[in-house]
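Q: Please take one part of this model and walk me through it closely. I would like to see how its neighbours, its pairing and its surroundings fit together.

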Amino acid sequence: MHRLIAALLFMSLAGSALADDIESEAPDDDSFQWQVMFEYAVQYDPTVLEVAEHDSFNDFSSGSFYLDVSYNGFFIQTDRHRTSTFSGEFGYQLIERDDWGLDIIAKVYLHGFDPASIERNNDKKHPGFEKITERNFGGGIALRYSYFEENVFFSADLATLDPSGKNEGWLFDLYYSHLTVYQNWDIYSGVGLSYFSQELVDYYAGVTEQESSTHYPVYQSGDGYKIEAQVFGLYPLSQDWAFTAGMTHSLYSSSFSQSPIGLRKNITLYKLGVRYVF
Amino acid sequence: MSSSRTLLWCGAVVFSGMTQASDTTTAGAATEQNIATPVEQFSVLPATCITLRQGRKCFATITIKLTLSAAGSYCLYQQGIDEPIQCWNQVSTHQFSVPFESSEKVVYQLKDQQSHHIIAQAGVEVSWVHQATSRKRRWRLF
């Protein structure tokens, strides 16, 4: 997969150089730009793990800083239009056109989890669960194609991830979002499709012989996918504050949900919050 | 942040008739002509309409309150438009709502029906949370 990304990167750079020769476009704005926002929200955000209990106030509230910085092609950005709370990414613009672009980015695509820690905090115990080893977060390098229209955004990420440090996996993430402006509301409707390689799904959902027990038998998964649909709204409250509300539904393939670890097939996140713009 | 963000965004904009507001800078044409009017209160709320992004139209329902010391016949106009929004005969107090839809400041003017003199005026500013940017991509879209 590293080779595939490298090949695509080379092709895109070559294509970019050729396009620059032909079009002689003016260089893009390379000035330093930034924006910082803080959001506090109450939310119902069930984790993918069925055994993880939500019972404290912190489980139903969140505070997040959204940072966007851009300079000379490099950028740090948070996806403010998706309700997901782990969407920060660092990247570089390889090609920048009016209605499309190609970036190379570093991003966390998948949450990790620590069964031993979860079991310590759970009131109800699950014998054998503590034998399941910790899963690292799934961060990786991706090539992203983006397409823009006035009220439409589409992106396609091809990413390579190696959360285990042993077996490199990869994923393909498609996301389409449409903005509807209704009076002072911004309403974003989005759908996403993520495909995960067998190595990735097995790392998170699989149960090895060493981890197995009576309640958690050996499980080796195939590849998998996630389908996502969401609606997210923003409403201005003042020059500094905006109200936010969102809902995301995720559907995981059976390769995840059939895992003995207990991964949810359907997850619905609800979120209500206020956002301060610095 | 834009300079307009320093404007007041809440609270009433209350312009009185020239006899009460001669010390303001926005008393309107009536002040310039030094004609006494019976307007005790002419307020427009909210004073500022907030939109998410600079340049967008802002939508609100504006409440206008009018108090006169003596009953008379008046019309409310939006500055720059010849057709009145509403006219009244022989009223001394009146409160009503009008829909607001604009990407820039709108000034409402109260005029005497007979003389067509402006006897009071008040405006609704338009401000925003996110400033418009010339950047092509990163904050261009949403």
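A: Happy to! One definition first: two residues are in contact if their C-beta atoms, placed from the backbone, lie within 7 Å. Please keep in mind that this is a predicted model.

The part to look at is strand E7 of chain B, which spans residues 118-130. A residue counts as buried if 20 or more other C-beta atoms lie within 10 Å of its own. Of the 13 residues in E7(B), 11 are buried, so the strand is largely enclosed by the rest of the structure.

Now for its partners. Strand E3 of chain B, residues 48-53, pairs with E7(B) in the parallel sense, and five bridges connect the two. To find your place in that pairing, look for Ile50(B), which sits opposite Ser127(B) of E7(B). E7(B) also pairs with strand E6 of chain B, residues 106-112, but here the strands run antiparallel and are joined by six bridges. A handy landmark in this pairing is Val107(B), whose bridge partner in E7(B) is Gly123(B). E6(B) and E7(B) form a hairpin with five residues between the strands. In that hairpin, His116(B) has a positive phi near 65°.

Next, follow the side chains into the interior. The largest nonpolar core has 26 residues, and those touching the most other members are Val39(B), Phe42(B), Cys49(B) and Leu110(B). Two or more residues of this core come from each of several strands of chain B: E2 (39-45), E3, E4 (58-78), E6 and E7. E7(B) makes the largest contribution, with eight residues. In general, nonpolar side chains tend to be buried together in soluble globular proteins.

Cys49(B) is a good residue on which to centre your view. Leaving aside residues up to four places away in sequence, Cys49(B) touches Cys58(B), Ala60(B), Phe100(B), Val124(B) and Val126(B). Apart from this core lies another one, of 24 residues, including Ala142(A), Phe196(A), Leu200(A) and Tyr216(A).

For context, here is a little about chain A. This chain contains four helices and 12 strands, and 28% of its 278 residues count as buried. Among its contacts with a separation of 6 or more, 59% are between residues 24 or more positions apart. One residue to set beside the enclosed E7(B) is Ile95(A), in strand E4 of chain A, residues 88-96. Ile95(A) has 18 C-beta neighbours inside 10 Å and so counts as partly exposed.

Note on methods:
Residues numbered from 1 in each chain as written. Chains lettered and ligands numbered in written order. Predicted model: local features only at pLDDT ≥ 70, side-chain atom pairs only at ≥ 80, totals over all residues. Buried ≥ 20, exposed ≤ 12 C-beta atoms within 10 Å, placed from the backbone. Pairing = 2+ DSSP bridges. Core = buried A, V, L, I, M, F, W, Y, C linked by C-beta atoms within 7 Å.
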